Amino acid sequence: MTLRERLAGGDVFQGYAYAYPHKTSYRPLAPPVPLDEAWSREDKDALFLYAHIPFCEMRCGFCNLFTSTHPGGGLVSAYLDAMERQAAVVSAALGKHRFARVAIGGGTPTFLEPAELDRLFRILHGTFAIDCESPVAIELSPKTTLCERLAVLRQWGVWRVSIGVQSFVQSETRALGRAQHPDEARAALRRLRDAEFPILNLDLIYGVQGQTLESWRSSLEAALEFSPEEIYLYPLYVRPLTGLGVHGKAPADSRLALYRAGRDVLLARGYRQISMRLFRATHCDVPGGPEYCCQDDGMIGVGAGARSYTRSLHYSSEWAVGREGVRAITDDYVSRDSGQFAVADYGCSLDIAEQKRRFVIKSLLRADGLGAGHYLTRFGTALTGDFPTLVELEELGAASWKDNVLVLTEQGMEWSDAIGPWLFSQEMRERMDAFELV
């Protein structure tokens, strides 16, 4: 299907291509791949480390992340034990390595008690070669942004904190299935600012039923009162097995108008657009440490639900959204011994054609654009020869060439959630469509 055909119905919100291939393309690997073999030919000088904590104080109505609420019976302690076993095995399999970036997500990592958070950092820093200048990021929710937890984060040198506020209008957070008062969000943001983290990121959602341009702008203005270095504007998607999905809710049909309004407000207030979702303040300092490029460099995930990838192999634990599915996978994870952590047994192999496709998708959907020279250096072939369909972007006014870099126009940027899925291979589409979500 051409991009023109994809856009013919007027819906530009077709799918968020934050990763390619998506986890719904993953399957059991037969035979399992030993990690030391998977990483033996990889460049390990600038890796990304991601630690996943699959616990939250509540499950928001829009959330399809791998997470569960209120773990009991010592599950958190058992989970950290398993992370410690996995980290030791993975570090040994990597051999000499260095991490350029570290992120802790979930779920809500700050759901952990302060002592548990401290233990998590001790596991990561005590096991992996994390560069002393590498920025560390972590995700929070307003309810878990408490002074005792923030003190632990400051002690371990966390650089970037990301808080999901979603809206400062209580009727909208209620429509999102989120029990949160605007004053609670503001209090959490004040605590984060008082703690003086170098980068504060704030997430907002547009497309909520009942949301208007006026209420959306009021949320943006409330967010800007705290001068966040980064703001993510997420369009609402209602996905299967989420609270909104189960109850038959749907996004408002005004998402494109809301996106444009949010973009215009942030650009007028001195933010740069990095992608369709990410806006960064012009004064935001670039973090130190080794350079990391998500198109070229590898990623190590630790924890149930965490993704890892080399150039030719992406792998993780299995993935679920429903409560029973998430709990079953988490229980399996905490029961695994060191030998089981030494292999990748669930994932997706990428041949050279899929590696090229991933490079194109990950590059094109960012404001920096898709460099033909970078592509040639990486793969030894010409970008336009491998992807002649990219010319359609120019024909539709969605992209243009600047110094041998294909860059999305303003029009193309707002079509990102149609362009990404358009670039998926037929094989990956079929694998994703065949996935049985639990």
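In this predicted model, D351 sits in the loop that runs between strand β15 (343-349) and helix α13 (352-364). With a relative accessibility of 44%, D351 counts as partly exposed, and together with E427, E430 and D433 this residue belongs to a patch of negative charge on the surface. Elsewhere in the chain, charged side chains pair up, the count of salt bridges coming to 21, and several of these pairs are described below.

**Around helix α13**

- S363 is found in helix α13 and, because its relative accessibility is 3%, below the 20% under which a residue is called buried, S363 counts as buried.
- A polar atom of the S363 side chain lies 2.8 Å from the backbone oxygen of F359.

**A salt bridge between helices α3 and α4**

- The side chains of R119 and E84 meet in a salt bridge, with an N to O distance of 2.9 Å.
- This pair links distant parts of the chain, since R119 belongs to helix α4 (residues 114-127) and E84 to helix α3 (residues 75-94), with their positions 35 residues apart in the numbering.
- R119 is partly exposed, with a relative accessible area of 24%, and E84 is likewise partly exposed, with a relative accessible area of 39%.

**The network that involves helices α10 and α17**

- R263 and E414 form a salt bridge in which the closest N and O atoms are 3.5 Å apart.
- Because R263 lies in helix α10 (residues 255-268) and E414 in helix α17 (residues 410-414), the pair ties together parts of the chain that are 151 residues apart in sequence.
- R263 counts as buried at 5% relative accessibility, and E414 counts as buried at 3% relative accessibility.
- The R263 and E414 residues also take part in a network of salt bridges that links R260, R263, D264, E410 and E414.
- D264, a further member of that network, has its place in helix α10 and counts as partly exposed, because its relative accessibility of 40% falls between the 20% limit for buried residues and the 50% limit for exposed ones.
- The side chains of D264 and R263 are joined by a polar contact of 3.0 Å.

**A buried pair that reaches helix α18**

- R277 forms a salt bridge with D417, and the closest N and O atoms of this pair are 2.6 Å apart.
- R277 lies in the loop between β10 (271-273) and β11 (278-281), whereas D417 lies in helix α18 (residues 416-422), so this salt bridge ties together parts that are 140 residues apart in sequence.
- R277 counts as buried at 4% relative accessibility, and D417 is buried as well, with a relative accessible area of 1%.

**The loop after helix α18**

- L423 lies in the loop between α18 and α19 (426-434), and this residue is buried, with a relative accessible area of 3%.
- The C-alpha atoms of L423 and E37 are separated by 30 Å, the two residues being 386 residues apart along the chain.

Terms used
Residues numbered from 1 in each chain as written. Predicted model: local features only at pLDDT ≥ 70, side-chain atom pairs only at ≥ 80, totals over all residues. Heavy atoms only, no water. Patch = residues over 30% accessible without salt bridge, like charges linked within 9 Å, V, L, I, M, F, W, Y side chains within 5 Å. Areas by Shrake-Rupley, 256 points an atom, 1.4 Å probe, with all protein chains shown as cover. Salt bridge = Lys/Arg side-chain N within 4 Å of Asp/Glu carboxyl O. Lys, Arg positive; Asp, Glu negative; His and termini not counted. Charge placed at Lys NZ, Arg CZ, Asp CG, Glu CD. Helix = DSSP H or I, 4+ residues; strand = E, 2+ residues; numbered from the N terminus. Buried < 20%, exposed > 50% of the residue type's maximum accessible area, 1.4 Å probe, protein only. Polar contact = N/O pair within 3.5 Å; in protein donor to acceptor, adjacent residues only side chain to side chain.
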